[in-house]
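The exercises below are to be worked with the sequence and the model open side by side. Each task is followed by a solution in steps.

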Amino acid sequence: LPATILVHERLRKNLSIECVIGAAYGGVYCGVVGGVRRHEYAVIGRIVNLAARLMASKQNKGILVTGSIKDISERYNFKSYGSVPAKGYANPIPIYEPGEKSTDIPELPPIISVEKQIHDLGIQKIDSLGVVRREILKTCAVLGDEFQLFDVYRVNTEEMRSTIKDALNKAIRENILQEGKQKPGKLSASEKKNKTYRFTH
């Protein structure tokens, strides 16, 4: 929240730019999205979409935030603006406008880099897999110690799926990954997407 307020104030005061900002707090994917030839660095997820929804709200006079931001910013005063419907959420989301802070704000949890996550998981040996496979495994590392194939597909194009499978299979052969337990027999298409992998330590 402090960074959000600072950006808003500097744009208005230093550059005379009127703007509106929506802010939400939660888990997102941050990293490379797309294929080898065409890709971009992006932040995606339901929380990002929700922040965009608040930004575009007619009630937004400057900054609107969700209850998740309000809950971790206890030393700020907030004005409630009711709730708004948001795509991907069953119930309307309560929204708030931040006011003045009364005392020093609490510290937010630190942002963990991909490199630190790789170090913590003990999988530095992915460097031996080649550029493309290494970048795919970095994406997987961001998703955590254990992840589903569906989540890796979700942040890449369909054209990348065979390359992703190749990278995961190579990582299994190199004892970097292991497959999660599966039910016996032939898997359906949806079950294949929900396949679980886990980094070895």
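The model is a predicted one.

**Exercise 1. Backbone and exposure of Asn175**

Task: Classify Asn175 as buried, partly exposed or exposed, and state in which loop it lies.

Solution.
Step 1. The relative accessibility of Asn175 is 47%.
Step 2. The partly exposed class runs between the buried limit, under 20%, and the exposed limit, over 50%. Asn175 therefore counts as partly exposed at 47%.
Step 3. The loop that holds Asn175 joins helix H7 (161-173) to strand S8 (177-179).
Step 4. Asn175 is not a glycine, yet its phi is positive, at about 60°. For most residues other than glycine, phi is negative.

**Exercise 2. Ser16**

Task: Find the sign of phi at Ser16 and decide whether Ser16 is buried or exposed.

Solution.
Step 1. Ser16 sits in the loop between H1 and strand S1 (21-23).
Step 2. Its phi is positive, about 55°, although Ser16 is not a glycine.
Step 3. Ser16 has a relative accessible area of 62% and is therefore exposed, since the exposed class begins over 50%.

**Exercise 3. A nonpolar surface patch**

Task: Which residues form a nonpolar patch on the surface together with Val36, and where is Val36 placed?

Solution.
Step 1. Val36 is in the loop that runs between strand S2 (29-34) and strand S3 (39-44).
Step 2. Its relative accessibility is 49%, so Val36 counts as partly exposed. Patch members need over 30%.
Step 3. Val131 and Val132 are the other members of the patch, and the three residues together have about 240 Å² of accessible area.

**Exercise 4. The second largest pocket**

Task: Give the volume of the second largest pocket and describe its lining.

Solution.
Step 1. The volume is about 330 Å³.
Step 2. The lining has 17 residues, and Ile5, His8, Glu9, Ile63 and Pro98 are the closest to the centre of the pocket.
Step 3. By type, the lining residues are six nonpolar, three polar and eight charged.
Step 4. Helix H1 (2-13) and strand S6 (93-101) supply at least two lining residues each. H1 gives the most, with seven.

**Exercise 5. Arg198 and Cys140**

Task: How far apart are the C-alpha atoms of Arg198 and Cys140?

Solution.
Step 1. Arg198 belongs to strand S9 (residues 196-199).
Step 2. Along the chain, Arg198 and Cys140 are 58 residues apart, while their C-alpha atoms are separated by 9.5 Å.
Step 3. With a relative accessible area of 34%, Arg198 is partly exposed.

Conventions. Residues are numbered from 1 along each chain as its sequence is written. This is a predicted model: local features need pLDDT of at least 70, side-chain atom pairs count only at pLDDT 80 or more; totals for chains, interfaces and linings use all residues. Side-chain values use heavy atoms; hydrogens and water are left out. Patches are made of residues with over 30% relative accessible area and no salt bridge: like charges are joined within 9 Å, nonpolar side chains (Val, Leu, Ile, Met, Phe, Trp, Tyr) within 5 Å. Accessible areas come from the Shrake-Rupley method with a 1.4 Å probe; for residues, only the protein chains shown count as cover. A salt bridge is a side-chain nitrogen of Lys or Arg within 4 Å of a carboxyl oxygen of Asp or Glu. Helices (H or I, at least four residues) and strands (E, at least two) are DSSP runs, numbered from the N terminus. Buried means under 20% relative accessible area, exposed over 50%, partly exposed in between (1.4 Å probe, protein chains only). On a 1 Å grid over the protein atoms alone, a cavity is a set of points where a 1.4 Å probe fits but cannot get out, and a pocket is an open set with protein on both sides within 12 Å along at least five of seven lines; lining residues have an atom within 4 Å of a point. Grid points are joined across faces, edges and corners, and a volume is the space filled by probe spheres set on the points. Ala, Val, Leu, Ile, Met, Phe, Trp, Tyr, Cys and Pro count as nonpolar, Asp, Glu, Lys and Arg as charged, and the others, Gly among them, as polar.
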